[in-house]
Amino acid sequence: MRLPAQTAGAPDGAAAPAGAPAPGAGAAKAAAPEPPAVPKGGIEDRIARFATIWGRAIFPVTATSLTRPEFERHLLPLTRTLAEALHARPFDAAVAQRVGAELVAVHCTDPEALSGTLGVIESYLVLYCGPGWPGGPGVGSGAEDTEEYRARCARLQHGIAAGFARALRERTLKEQEAIARSALTARIDAQQALHASEERFRAVFEGAAVGIGIADLEGNILEVNDALLQMFGGLEGHVRGRKVSEWGHPDDTPHVWRMHGELVRGERENFRVEKPYYRHDGTVLWTNLTVSLLRDADGAPRYQLALMEDTTERRLLNLRLRYEATHDALTGLPNRTLFFERLEKALSGPGASRFGLCYLDLDGFKAVNDSLGHSAGDRLLVEVADRLQSCATGPGEVVARLGGDEFVALTTGPDTEQEVTDLAVRILSALSTPIRLQGRELTVRGSIGIVEGPARERTPAEVLRSADITMYRAKAAGGNRFEFADAEADARAITRHGLTNALPAALERGEFFIEYQPLVHMHDGSVHGAEALVRWSHPQYGVLGPDRFIPLAERTGLIVPLGRWVLEEAVRQARNWQRQHGGSSLRINVNLSPTQLHHPGLVADTVAVLEKSGLAPGALCLEVTESALIGADDELLEPLRRLAALGVDIALDDFGTGYSNLANLRRLPVSVLKLDRSFTQGMQQSPANPVDVKIVEGIVALAHSLELAVTVEGVETGAQAAQLRDLGCDTAQGWYYARPGAPDRIHTLSLSDAVPTPS
């Protein structure tokens with residue numbers, strides 16, 4: 001038996017020599033009578049060539065992880081064994097059986113591997129390892145030797161085939177035995193796993209902390225665990241033997257039973273809901289219910305499995321937490337959160353038509369806390385809350401506490417304009433009855449802002465904002481009253497709020513600038529100095545005068561850094577004027593606010609600014625309004641006295657508007673009186689108002705007797721200027737001389753009548 005030429009052919013350089021028998025099917029002898037030529041090379045070279053031919057023949061049908069070079073190296077010892085067996089004395093073909101078994105051991109189990117091996121041995125073993133084997137003992141000579149080698153080769157082939165078959169049979173038997181053993185083991189393991197699974201299921205079913213129930217597809221309850229029984233009160237008769245459909249509850253959502261129907265029809269695998277049940281004593285059990293569909297081996301629906309977690313206590317806790325989160329802890333009234341929900345429903349809910357809202361803030365509540373303590377203040381708030389609840393008893397009316405001493409009352413319906421007015425009247429009437437606290441009677445007053453209108457036009461935040469603004473308008477009007485919201489007033493308040501918020505950034509961005517209005521000597525019309533007037537170049541509203549933002553800066557405390565900036569800029573400009581005009585003695589007037597007067601750094605900041613600029617203290621005049629100094633004690637006056645001692649002039653601004661005692665002028669560290677424009681308006685036309693003339697004449701005489709200079713504000717006409725000059729006024733300012741403007745206009749005055757407007 002031989003391989004085809006393409007399978008068992010010798011490699012390049014290892015081809016059979018001329019005269020050697022070509023490989024073919026069968027054991028036919030070559031036609032040439034000459035013996036084949038022996039391949040050249042040593043023993044190892046011949047063995048390697050033979051192993052290469054052998055490997056090429058069987059490697060393609062071998063199930064091995066070795067590469068072909070590795071496989072060929074594995075065949076080298078087998079080739080050596082066959083070559084030695086071919087020349088052995090005595091000859092033993094049993095050696096070949098071990099070669100066949102070794103082929104099976106290296107996974108050459110395919111029949112084609114055996115066929116290829118036998119073909120290679122038949123064609124090439126004698127050729128490479130037969131006559132001419134170096135050092136071989138030989139078996140004869142000539143043709144007889146060749147026939148003997150071929151006979152031995154045939155017996156080796158038979159031995160290889162026998163060893164291959166026996167090893168393959170043994171391997172097959174072992175694999176069959178292993179498969180049978182594995183199958184038996186798997187069957188035993190499956191039985192044990194099933195038993196263990198059933199035990200685990202029973203342990204889980206009986207010992208689970210959640211309730212477990214099994215029912216058929218008709219809803220008949222087949223089995224329940226102890227945890228589920230305990231949830232329903234421990235009575236088996238209340239659970240077993242009943243149908244699932246009997247466990248309905250009025251609070252069930254419609255989709256619960258729809259999903260249950262889909263599950264028993266096999267259209268859904270599971271669903272999860274929160275579901276209430278009635279216990280046998282009528283109490284309600286709340287559960288988190290999960291129902292799953294159990295199918296048989298063929299996938300058909302078979303049972304329904306229910307898992308129940310008792311959430312009754314958790315639900316009660318959540319309801320309690322919800323109540324605490326939406327109600328005021330002190331008064332028990334709805335808080336801001338719940339009130340916003342009610343207001344949202346009143347404004348945009350189904351059937352919403354009109355609404356009316358009262359926003360109440362108690363007048364003077366801080367005084368109660370400060371004088372009687374917070375405990376008394378809390379008792380007062382509780383009493384107020386009770387009275388408010390007694391006022392809002394009609395349908396659609398609700399009262400809430402927003403925080404502190406702020407309360408709201410809401411009414412809804414088609415005629416809320418009248419209803420909200422009546423509600424506000426009832427509230428103020430209820431509060432008017434004195435409340436007795438700590439042995440004394442307290443009269444409670446409140447200011448109410450009312451917002452009323454159609455629903456769906458404003459958001460809750462917009463309504464509350466408008467009500468809050470209106471409430472403060474009622475408080476500013478004296479309190480203990482109510483006011484209705486006004487869109488224009490709201491807009492003004494919102495603008496003020498926007499300006500207040502923009503003030504800090506405006507100072508950082510340099511949006512403020514200063515205009516200067518000259519102060520003129522009345523006897524010769526020469527420029528005495530200038531008053532620094534701050535302006536705000538607002539990016540949205542344009543140039544704003546101080547009346548628009550100074551009160552806001554006062555309330556926010558920004559007046560201190562803003563005032564320091566004005567002082568620095570004005571002093572720096574005054575020093576520049578002195579340099580530009582040969583050291584002229586122009587003075588600069590800067591306004592001080594009441595907040596600045598109380599600031600502990602007033603003196604130090606002023607001195608630092610003067611020293612930094614190089615301006616003499618006598619060139620600076622600080623203007624303080626008369627109202628800021630009414631009733632001022634020595635502690636408040638001390639900073640002004642220290643500044644006056646340094647040479648800084650102090651002017652009493654708007655004199656005559658504060659109703660101060662004229663005798664107080666002796667104790668004030670002032671050197672200038674600035675008459676308010678209200679005293680001189682009657683002198684703008686000729687003849688002048690005689691009453692105004694007498695008043696101004698008296699003030700000027702008094703001031704001069706106290707060695708105080710008199711400055712007049714708001715001089716608008718020549719007649720007015722002439723009259724004031726005749727009365728002895730020292731300096732003046734007003735549009736008659738110049739309007740406030742840029743610093744470079746201070747020396748270019750043009751006298752002209754002007755229409756009086758605020759500066």
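Reader: Which residues of helix α8 (residues 254-264) are buried, and what makes them count as buried?
Author: In this predicted model, the buried residues of α8 are V256, M259, H260, G261, E262 and L263. They get the label because the cut-off is under 20% relative accessible area.

Reader: What do those buried residues pack against?
Author: They sit against three strands, namely β3 (270-278), β4 (284-295) and β5 (301-310). The helix itself lies across these strands and runs at about 130° to β3. That angle falls outside 65 to 115 and isn't over 145, so I'd call it oblique. Just after α8, G266 takes a positive phi of about 85°.

Reader: Which other helix touches β3, β4 and β5?
Author: Helix α9 (residues 312-326) packs on the sheet there too, with its direction at about 130° to that of β4.

Reader: What is the strand order of the sheet with β3 in it, and what makes a strand an edge strand?
Author: The order is β2-β1-β5-β4-β3, an open sheet of five strands with antiparallel pairing. An edge strand pairs on one side only, and that fits β2 (221-224) and β3. From one strand to the next, the twist averages 25°.

Reader: How do you know that β1 and β5 really pair?
Author: Count the bridges. Six of them join strand β1 (residues 211-216) to β5, and pairing takes at least two, so the call is an easy one. The two run antiparallel, with G213 standing opposite A306 in β5.

Reader: What about the sheet containing β7: why is its pairing called mixed rather than antiparallel, and which strands are its edges?
Author: I can vouch for the label but not list every pair. The order is β7-β8-β6-β11-β12, with mixed pairing in an open sheet of five strands. The edges are β7 (398-403) and β12 (481-484). On average, neighbouring strands are turned by 20° against each other, direction ignored. One antiparallel pair is β7 with strand β8 (residues 406-412), joined by five bridges. At least two are needed, so that counts as pairing.

Reader: Which residues face each other in that hairpin, and what happens at G404?
Author: A400 has V408 as its bridge partner, and V398 stands opposite L410. Two residues lie between the strands, and G404 takes a positive phi near 60°.

Reader: How covered is β7, and which helix lies across it?
Author: Mostly covered: five of its six residues are buried. Helix α12 (residues 374-391) lies across β6 (354-363), β7 and β8, at about 10° to β8. Since that is under 35 degrees, α12 and β8 count as roughly parallel.

Reader: Why are α3 and α5 called roughly perpendicular?
Author: Helix α3 (residues 68-87) and helix α5 (residues 111-129) pack at about 70°, with their axes 10 Å apart. The perpendicular range is 65 to 115, so the angle qualifies. In the contact, L82, A83, L86 and H87 of α3 meet I121, L125, V126 and C129 of α5. That makes seven nonpolar, one polar and no charged; H87 is the polar one, because His is in neither the nonpolar nor the charged list.

Reader: What makes α14 and α15 perpendicular too, and how does their contact divide by class?
Author: Helix α14 (residues 460-476) and helix α15 (residues 487-509) cross at roughly 95°, their axes coming within 10 Å. The angle is inside 65 to 115, hence the label. R465, S466, I469, T470 and R473 of α14 make the contact with A489, D490, A493 and I494 of α15. By class there are four nonpolar, two polar and three charged residues.

Reader: What makes a set of residues a nonpolar core, and how many residues has the largest?
Author: It takes buried nonpolar residues joined through side-chain atoms within 4.5 Å. The largest has 75 residues; I588, V590, L597, L620, L622, L629 and V696 have the most contacts inside it. Its largest share, eight residues, comes from helix α17 (residues 559-580). L620 touches L567, V571, I588, V590, T606, L610, V648 and D649, leaving out residues up to four places away in sequence. Thr and Asp aren't core residue types, so T606 and D649 are contacts of L620 without being core members. Apart from this core lies another, of 39 residues, among them A93, L103, V120 and C129.

Terms used:
Residues are numbered from 1 along each chain as its sequence is written. This is a predicted model: local features need pLDDT of at least 70, side-chain atom pairs count only at pLDDT 80 or more; totals for chains, interfaces and linings use all residues. Side-chain values use heavy atoms; hydrogens and water are left out. Helices (H or I, at least four residues) and strands (E, at least two) are DSSP runs, numbered from the N terminus. Axes are lines fitted to C-alpha atoms, for helices over the stretch in contact, and angles run from 0 to 180 degrees between N-to-C directions. Contact means heavy atoms within 4.5 Å. Buried means under 20% relative accessible area, exposed over 50%, partly exposed in between (1.4 Å probe, protein chains only).
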